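This report describes selected backbone and packing features of one protein chain. The sequence and the structure are shown first, and the commentary follows.

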Amino acid sequence: MEKKLFLFFTLLSFGINAQESIKPVFCGNEIFSKILHEKYPALNDAFTATFEEARKTNRHLGNEPLEVNIVVHVVWNGIGENLDDSIINNQILILNNDYNRLNADTANLRSIFHDEAGNANIHFNLASVVRVQTNQLFSVDLFGTNLLAEAKHDVDGGSDAWNPDEYLNIWVCKIQPITLFGITIGQILGFAFPPNNLQNWPADSGAPTPGEDGVVIDYRVFGSNNPNIIDNPDGSGAIIVKGRTPVHEVGHYFGLRHIWGDGGLLGPNACDQSDGVDDTPYANAQSAFDCDTTKNTCTQIETFYNKDVPDLIENYMDYASESCMNMFTHGQVELMRNTLQGPRSGLLMPISGTSDLAIAPSLKLSPNPAHGQVTLEFDLNESKEISIRVLNLNGQLMLNKKVEKYSVGYHQISINSEKLNSGIYVVVLRTNRGVQTQKLVIGE
Ligand SMILES: [Zn+2]
């Protein structure tokens, strides 16, 4: 019922009467918005109020790095759906690039928006990959209640979430096309639930159950090195995939709305319909999976810019081609970081509290200085899930070992440092109770 209201679709628009010159002709998102607004008219106001509140909550918490553990659930049927580890690692890298403004295509941002580009400083760590083979087909029923919940439950042919308070769960599966009266009208590329427990959201407006909180992505749009293709039904060929659908959906998961304010052709779309963020320019329509830098759907003077500016098609929260997306704004960054330090703070790994680490004695590294294999030694006085990472002195992740559970007692783990340039690094051993660090010197 109402529990399933707030979700966001990235949709590939389809033509009901497939004329190439008309696009988007029809888009499932518009239908969905219309249903929501007609059935639940108060929600849009609540939505806006919530984002205002999210922006106020926990402001000025600084810009320190925030780190989130991801579990990727590959729920596959056809062989191409069982994505290779290299694709999953590539997608994690893209998330880290785009959420740290390290993506090379930042250079393509139009100069008028240079000052508005923000660095979220949110880091993603791949905690685990869970693979489940299934016979289940995953379909979204716009008029029912099916939001691919089966993909999220072992008993239904999916994969159970890891603790959704502590992990960002991403399910990757084949999402069936949307049909209406037997006609295919669209394809969902992904969706996500926003946080469930912001103060002034209507009750139960987030994920229907905690175990369904997270992000769902179609297997063809995960990673930029994915061999599977997905065609644009307008006949223009394969859509360009650069791993930005997960970037977009994780933005929703952190509380962001679409920059055009989530109206649409059939919805209450207007230039003054806000996404709750000041520095995203007014827009009253989404992009059409293209790169139209002339797009300017609202031509009034914009308060933030003190002049009219074009639509910000480079933003990850629009529907432009993935090849021209390259930025979040400062306002979006602030909202996401506030959400992450507010309603989603359980995701954040502890950054202090070594006294309660359940590790004694301290982490030892040998040899140190090293070149090649480095052995980590530590004792655990209780069983723990541990992640091990090597950072450079700028805090950039250089090596990463998956989170694994270790039993009580003494452990030796080897990591390969051959690819590290000579210099000083920090080895970070982390549990859910705290962190221990050691300096590592890599010799010539
Ligand atoms: Zn979206």
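## Backbone at N121 and R101

In this predicted model, N121 is placed in the loop that runs between β3 and β4. Its phi angle is near 55 degrees, a positive value in a residue that is not glycine. N121 has 17 C-beta neighbours inside 10 Å and therefore counts as partly exposed; the class lies between the buried limit of 20 or more and the exposed limit of 12 or fewer.

R101 also has a positive phi, near 50 degrees, and is likewise a residue other than glycine. It belongs to the loop between α3 and β3, the latter comprising residues 117–118. Because R101 has 16 C-beta neighbours inside 10 Å, this residue is classed as partly exposed.

## Helix α3

Helix α3 covers residues 85–98, 14 residues in total. At 1.5 Å a residue the helix should span 20 Å, and the C-alpha atoms at its ends are 20 Å apart, so the two values agree.

Which residues of α3 are buried? They are I87, Q91, I92, I94, L95 and D98. These residues cover an arc of only 155 degrees around the axis, which means that they lie on the same side of α3. On the other side of the helix, D85 and S86 are exposed. The elements that cover the buried residues of α3 include the strands β2 (66–76) and β4 (122–133), together with helix α4 (244–253).

## Cis peptide bonds

Two cis peptide bonds are described here. One joins S366 and P367, with omega at about -10 degrees. P367 is situated in the loop between β12 (364–366) and β13 (373–380).

The other is the bond from N368 to P369, which is cis with omega near 10 degrees. P369 is likewise found in the loop between β12 and β13.

## Overall composition

How many helices and strands does the protein contain? There are five helices and 18 strands. Of the 444 residues in the protein, 43% are buried.

Contacts have also been divided by separation along the sequence. Among the contacts in the protein with a separation of 6 or more, 70% are between residues 24 or more positions apart.

Terms used: Residues are numbered from 1 along each chain as its sequence is written. This is a predicted model: local features need pLDDT of at least 70, side-chain atom pairs count only at pLDDT 80 or more; totals for chains, interfaces and linings use all residues. Helices (H or I, at least four residues) and strands (E, at least two) are DSSP runs, numbered from the N terminus. The expected span of a helix is 1.5 Å times one less than its number of residues. The arc is that of the directions from the helix axis to the C-beta atoms. Two residues are in contact if their C-beta atoms, placed from the backbone, lie within 7 Å.
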